[in-house]
Amino acid sequence: MTHPAPTAQSGPDQGPAPVVLKKYGPRRALRVDLHTLSLLGILAVLVAVGGITEPDAFLDTGNLQLVLTQASVIGVVTVGVTLVITSGGIDLSVGAMVALASVWASTLATQEYGFAGILFTAVLVGLVAGLVNGVLIAYGRVVPFIATLAMLASARGLALMITDGKTQIVTVTSVLDLGLPDSYVLGIPPLVLIFAAVTAAGWLLLNRTTFGRRTIAIGGNAEAARLAGIDVRRQRLYLYLLSGLCCGIAAFMLIILSGSGQNTAGNLYELDAIAAAIIGGTLLSGGRGTITGSVLGVLIFTTITNIFALNNLQSDVQQIAKGAIIVAAVLVQSRTSRTET
């Protein structure tokens with residue numbers, strides 16, 4: 001006599017049903033690989049365009065280092081934003097948090113503590129701002145769009161109040177030296193190395209840990225994840241904390257890059273980060289995210305900006321080009337989602 005195989009159930013005498021993570025076959029893996037290859041193809045085309053239109057300037061080692069350095073700051077922010085979007089959330093306050101962290105970390109009182117004081121303050125301010133977002137969203141049940149929009153306005157206002165509309169010049173030599181060529185490691189700027197470290201950590205967190213699997217599960221179906229035993233509120237709190245942490249790190253990098261703290265720093269970073277994540281393949285509705293794709297998205301946008309600057313093209317044309325890329329990426333995502341269902 002054979003007995004039917006047991007099935008996962010949840011009841012009064014049983015614990016919560018385990019989370020069943022969908023495993024995708026070769027077809028889905030191929031689709032992901034093709035998307036990554038397509039992004040690499042776009043980046044290669046842009047490099048070719050830059051090399052053809054301005055070969056001496058674009059292919060210069062100094063210019064390529066500049067592109068990577070500029071991509072590093074927004075790239076670190078994008079890693080945090082990608083994690084939040086993967087969970088089905090959104091963070092519109094990242095640019096304002098970068099500004100707040102940069103001005104708070106560059107005050108005269110903070111600079112008295114040197115390198116460690118600036119770094120600690122920037123990271124701490126980012127974490128506190130992320131904590132406020134996380135508490136409001138996870139435990140206050142405020143819609144992420146509204147909560148982060150409120151943080152955007154509040155952080156910008158506080159940054160303006162701290163600076164009184166003035167630029168705060170950083171005089172700590174050990175911080176400024178990180179932006180000089182003498183500090184490059186094998187020709188690689190330190191900011192690029194920081195970006196690479198944050199990217200690697202974000203990729204491992206999302207793809208190789210239980211934390212990442214829980215993030216994807218919440219983005220796919222938050223209620224199902226809750227019934228499966230995942231503490232959805234705590235997970236969301238952690239995600240917004242990570243987003244704030246990335247903003248704090250980016251603020252410190254921006255201080256190194258510009259040698260100052262400004263209340264206008266990080267302007268429109270939220271749009272650039274979200275756009276980079278979307279064209280990279282992260283679903284705006286949540287449930288799927290890719291750190292690799294987001295990084296490629298950042299590099300594509302930064303390369304476009306550099307090419308337009310070298311060719312003296314107007315910024316409005318550049319914004320139109322970015323908008324077209326975003327729309328195309330969303331249309332591709334929509335078609336892909338319908339195919340998968």
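In this predicted model, R234 and D231 form a salt bridge in which the closest N and O atoms are 3.9 Å apart. That distance falls inside the cut-off, since a salt bridge is counted when the nitrogen and the carboxyl oxygen are within 4 Å. Both partners are partly exposed: R234 has a relative accessible area of 39%, and D231 has one of 35%.

A search of the whole structure finds 2 salt bridges. Besides the pair just described, E223 forms a salt bridge with R226, and here the closest N and O atoms are 2.5 Å apart. E223 and R226 both belong to helix α11, which covers residues 222-227. Because they are 3 residues apart in that helix, about one helical turn separates them. E223 is partly exposed, at 42% relative accessible area. R226 is also partly exposed, with a value of 46%.

R234 lies within the residue range of helix α12, which runs over residues 232-258. This helix packs with helix α10, residues 210-220. The two axes come within 11 Å and cross at roughly 110°, which makes α10 roughly perpendicular to α12. On the α10 side, the contact is made by F211, R214, T215 and I218. On the α12 side, these residues meet V232, Q235, R236, Y238, L239 and L242. Sorted by class, the contact of α10 with α12 has 6 nonpolar, 2 polar and 2 charged residues.

A further helix pair is α13, residues 269-280, and α14, residues 291-310. Their axes are 7 Å apart, and the packing angle is about 120°. The angle makes α13 oblique to α14. The crossing of these helices is right-handed. From α13, the residues in contact are D272, A275, A276, A277, I279 and G280. They meet G293, S294, G297, V298 and F301 in α14. The residues of this contact divide into 6 nonpolar, 4 polar and 1 charged.

Earlier in the sequence, helix α4 spans residues 94-105 and contains S102. Is S102 buried or exposed? With a relative accessible area of 2%, S102 is buried, because buried means under 20%. Which residues does S102 touch once its neighbours within four places in sequence are left aside? S102 is then in contact with A251, I255, G261, Q262 and A265. Of these, A251 and I255 fall within the range of α12, residues 232-258.

Helix α4 also packs with helix α6, residues 114-139. The axes of α4 and α6 come within 8 Å and cross at roughly 145°, and the crossing is right-handed. M97, L100, A101, W104 and A105 make the contact from α4. From α6, the contributing residues are I118, T121, A122, V125, G126, A129, G130 and N133. By class, the contact of α4 with α6 has 9 nonpolar, 4 polar and no charged residues.

The helix pairs can be read through a common description. Two packed helices are described by the angle between their axes and the distance between the axes. For α10 and α12, the angle is roughly 110° and the axes come within 11 Å. For α13 and α14, the angle is about 120° and the axes are 7 Å apart. For α4 and α6, the angle is roughly 145° and the axes come within 8 Å.

Notes: Residues are numbered from 1 along each chain as its sequence is written. This is a predicted model: local features need pLDDT of at least 70, side-chain atom pairs count only at pLDDT 80 or more; totals for chains, interfaces and linings use all residues. Side-chain values use heavy atoms; hydrogens and water are left out. Axes are lines fitted to C-alpha atoms, for helices over the stretch in contact, and angles run from 0 to 180 degrees between N-to-C directions. Helices (H or I, at least four residues) and strands (E, at least two) are DSSP runs, numbered from the N terminus. Angles under 35 degrees count as roughly parallel, over 145 as roughly antiparallel, 65 to 115 as roughly perpendicular and the rest as oblique. Contact means heavy atoms within 4.5 Å. Ala, Val, Leu, Ile, Met, Phe, Trp, Tyr, Cys and Pro count as nonpolar, Asp, Glu, Lys and Arg as charged, and the others, Gly among them, as polar. A crossing is left-handed if the near helix is turned anticlockwise from the far one by less than a right angle, and right-handed if clockwise. A salt bridge is a side-chain nitrogen of Lys or Arg within 4 Å of a carboxyl oxygen of Asp or Glu. Buried means under 20% relative accessible area, exposed over 50%, partly exposed in between (1.4 Å probe, protein chains only).
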